Amino acid sequence: MDSLFHVIEAQQFSRDIMDEIFGVTREMENVVSRYGSNILNRRIMATLFYEPSTRTRLSFEAAMYRLGGEVITTESAREFSSAAKGETLEDTIRIVEGYADVIVLRHYESGSARRAAEVSRVPILNAGDGPGQHPTQALLDVYTIQKEIGRLDGIHVALVGDLANGRTARSLAYLLTKYEGVKLYFVAPEMVRMRDDIKAYLTEHGVAFEEEDDLMSVMSKVDVVYQTRIQRERFGDRIQDYERARGKYIIDVETMSTLSENAIVMHPLPRVDEIDPAVDTDPRAAYFRQAHNGVFIRMALLQMVLEA
Amino acid sequence: MDSLFHVIEAQQFSRDIMDEIFGVTREMENVVSRYGSNILNRRIMATLFYEPSTRTRLSFEAAMYRLGGEVITTESAREFSSAAKGETLEDTIRIVEGYADVIVLRHYESGSARRAAEVSRVPILNAGDGPGQHPTQALLDVYTIQKEIGRLDGIHVALVGDLANGRTARSLAYLLTKYEGVKLYFVAPEMVRMRDDIKAYLTEHGVAFEEEDDLMSVMSKVDVVYQTRIQRERFGDRIQDYERARGKYIIDVETMSTLSENAIVMHPLPRVDEIDPAVDTDPRAAYFRQAHNGVFIRMALLQMVLEA
Amino acid sequence: MDSLFHVIEAQQFSRDIMDEIFGVTREMENVVSRYGSNILNRRIMATLFYEPSTRTRLSFEAAMYRLGGEVITTESAREFSSAAKGETLEDTIRIVEGYADVIVLRHYESGSARRAAEVSRVPILNAGDGPGQHPTQALLDVYTIQKEIGRLDGIHVALVGDLANGRTARSLAYLLTKYEGVKLYFVAPEMVRMRDDIKAYLTEHGVAFEEEDDLMSVMSKVDVVYQTRIQRERFGDRIQDYERARGKYIIDVETMSTLSENAIVMHPLPRVDEIDPAVDTDPRAAYFRQAHNGVFIRMALLQMVLEA
């Protein structure tokens with residue numbers, strides 16, 4: 001098996017490499033329960049963020065610290081004097097690789113992580129590049145299903161909300177094609193339905209899917225409900241369409257009554273009101289545990305790429 | 001004695017718990033003179049600041065590093081993509097508690113620290129919530145008096161400047177009611193006099209106080225002069241009132257001539273011109289030592305809440 | 001030899017102290033290749049930046065972490081609530097010296113580092129004060145020449161680009177007067193020629209220099225070509241002048257053909273288009289190595305001032 005170096009996009013992961021990552025991630029849960037390790041002592045991670053994403057940044061930084069490493073950070077690399085003076089991303093990467101042993105890059109332009117990886121001598125971890133990829137989020141979603149449900153083969157998952165634009169729902173659908181006997185349900189307001197590219201890909205890989213209107217009836221058929229936020233910014237001036245889309249599929253105590261006992265609700269967060277806070281105390285509400293899994297996944301990736 | 005967990009407001013401290021905190025704080029002064037300890041090795045503190053307060057943030061962070069811990073930080077949590085997308089403070093806390101072992105919260109809304117504490121599984125340290133509370137500042141003020149004067153019982157303190165709005169002067173008056181034989185002098189321009197709520201509280205707890213106009217005569221009667229800044233923003237359009245209030249009680253070399261040899265001058269800082277820089281070299285000028293005590297107090301609190 | 005404490009300006013360095021710094025810097029290259037040391041364990045560096053300079057900040061922070069130390073940091077000290085409330089730089093320094101063992105200061109006003117050093121009990125490292133000094137950049141430039149060419153005496157250097165305003169080119173010319181047999185070539189568009197103050201200083205110290213128009217012919221005579229960026233902001237409304245100045249001296253593959261085999265091209269970075277990226281793969285392109293040397297120089301300075 002090739003060792004892991006750059007982490008750029010969900011498409012780079014085979015089932016085998018995911019198995020390996022998830023194995024290391026499980027070890028990392030033990031490491032955190034012992035308050036960390038020294039394995040990355042004096043290694044330096046740079047978090048180079050061209051747009052703010054404080055949660056993702058803090059999750060990566062916590063991961064690095066739990067392994068004994070250090071962090072240099074900027075969340076305003078776009079106003080970075082050098083970028084403002086016309087420096088290319090490639091030049092910036094070649095400088096920062098002299099400061100750090102691994103670079104976590106967040107950028108507003110799709111394809112930036114790949115450009116960075118092409119010139120970098122240190123591993124690049126893509127922490128989201130515009131509407132493009134956010135592979136560590138995709139991995140933590142699959143890991144959460146594995147951990148909470150105990151398997152990935154044969155899993156039935158409802159993807160709910162904005163499936164047209166939601167990067168996380170699209171990546172999850174993509175990665176689940178690696179497993180056997182998966183069934184997907186798409187529950188989306190009309191204006192933000194799952195796009196044809198993913199549907200074609202699923203068909204090609206023999207993954208069954210159905211589009212559904214009725215969330216209640218789907219809740220009873222699945223192991224996982226993956227709820228997502230309707231993003232206001234996607235609707236421009238069409239406020240009325242936004243309000244209709246947003247109110248259509250709310251998960252509340254009543255909806256939860258139809259979910260089976262061993263199933264879970266996930267959400268990439270932040271949520272607005274698509275999950276009622278009254279659901280939070282339900283043990284099947286897995287979304288905060290899911291967010292915490294991000295630290296373990298990032299610890300695993302950091303250890304793997306820095307040992308490579 | 002209950003062990004300390006959340007640190008939310010000055011009102012939570014009894015005389016006993018303050019004694020205990022100050023005992024640990026004294027140990028921390030020794031720890032710093034030995035360049036720190038390893039006691040919080042690989043523990044992570046998150047500084048989650050919804051409004052900037054660089055001094056308070058750096059003081060907490062220095063405290064954590066002196067104990068061997070690590071820090072993840074944001075000073076712009078308000079523009080934090082998640083808060084901007086409508087995420088509640090409670091949801092943010094539930095996510096960050098997955099990244100850190102203790103959360104230092106600065107917020108622009110009174111009551112925020114209490115809300116955070118209600119949902120958090122890790123200790124919340126309030127680093128100021130709007131016009132509300134700033135309990136670590138209150139503790140470091142009392143600690144400074146104890147350390148510089150050698151006692152708190154029987155202490156005579158002049159509170160000078162903006163006593164109506166000054167959070168620190170109000171908290172100090174409140175905490176001094178825990179001690180015996182305290183006498184307070186309030187020296188404030190007319191428009192920013194000490195409010196009735198604190199005066200009623202002092203009367204109820206048998207603490208003597210007087211309102212005075214003449215700073216010079218008060219200087220000769222006290223152990224501590226606690227000077228504060230007149231805050232321009234409190235005066236709105238009334239520039240003339242502001243200028244009059246601001247110029248009224250200046251501490252300069254001449255004023256210092258009436259202060260007794262063992263007394264001290266304190267100030268929560270920043271100062272503008274209410275203390276003449278010519279006073280800085282006077283050994284009774286304790287305000288920079290007071291600021292430095294903040295690191296020791298915060299070290300003590302971090303150790304106490306993380307060992308709880 | 002006096003031990004090093006504050007690092008304020010290029011003028012403070014004798015040839016002897018530079019020799020000593022460069023000796024320690026060479027050791028630091030070994031330290032980094034072993035992933036750092038513990039020598040500054042639990043020491044705290046504050047990076048107090050009144051204007052953003054993410055690259056310089058990250059370079060200092062990487063240096064501190066490589067030596068086992070910790071960092072507290074702000075890149076927006078100007079909007080720092082205290083500065084905004086009227087606090088002087090001197091007061092801020094007296095507070096921050098209570099949090100940190102060394103302060104790295106970046107400021108927008110010339111002379112700020114000297115003012116800070118006058119009140120600080122901990123070492124001040126000047127990371128650039130306005131149009132004034134940036135001594136660590138000056139040191140890393142000289143170190144790079146020493147390391148790449150193997151000597152400083154008898155070196156021939158072409159300074160190219162904006163020599164009127166470029167702080168780095170001016171400092172380099174100044175520091176090279178410490179060595180024997182140096183020859184400088186100034187190649188600048190007419191509106192940004194080297195100023196008379198430096199030329200007078202060179203004459204006084206017996207350093208030979210020539211002003212040249214033809215970059216190609218100079219390339220064949222030198223050991224080092226030090227290219228700099230034409231700064232648009234220096235030209236105000238005179239866009240046409242800017243465009244003419246900017247396009248005049250480009251280093252590309254053709255220009256490189258006249259450079260001798262053992263010579264190098266340096267640049268303080270960021271570059272815009274004054275060096276064609278096609279040159280990057282040429283082994284004589286030393287500018288990224290030069291940027292990386294900054295970490296080693298800063299490690300050496302940190303160790304020297306903290307051991308003082």
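1. Contact here means heavy atoms within 4.5 Å, and it is in this sense that the interfaces of this predicted model are to be read. Only 7% of the interface residues of chain B are interface residues in chain C as well, so these copies meet through different surfaces.

2. As to the geometry behind that pairing, a turn of 120° with a shift of 0.0 Å along the axis lays chain B on chain C, and the RMSD of this superposition is 0.0 Å. Within chain B, the residue that comes closest to the rotation axis is Glu70(B), with its C-alpha at 5.1 Å.

3. Chain C, in turn, can be laid on chain A by a turn of 120° and a shift of 0.0 Å along the axis, with an RMSD of 0.0 Å. The two copies are therefore related as by a three-fold rotation axis. The C-alpha of Glu70(C) is the one nearest the axis in chain C, 5.1 Å from it. For this pair, too, the surfaces used are different, since 7% of the contact residues of chain C recur in chain A.

4. Turning to the interior, the largest nonpolar core holds 336 residues, and the members that touch the most others are Ile21(A), Phe22(A), Ile21(B), Phe22(B), Ile21(C) and Phe22(C).

5. For one of these residues the neighbours can be listed: leaving aside residues up to four places away in sequence, Phe22(A) touches Leu139(A), Val142(A), Tyr143(A), Leu152(A), Tyr179(A) and Ile297(A).

Terms used: Residues numbered from 1 in each chain as written. Chains lettered and ligands numbered in written order. Predicted model: local features only at pLDDT ≥ 70, side-chain atom pairs only at ≥ 80, totals over all residues. Heavy atoms only, no water. Least-squares fit on C-alpha atoms with pLDDT ≥ 70 in both. Core = buried A, V, L, I, M, F, W, Y, C linked by side-chain atoms within 4.5 Å. Buried < 20%, exposed > 50% of the residue type's maximum accessible area, 1.4 Å probe, protein only.
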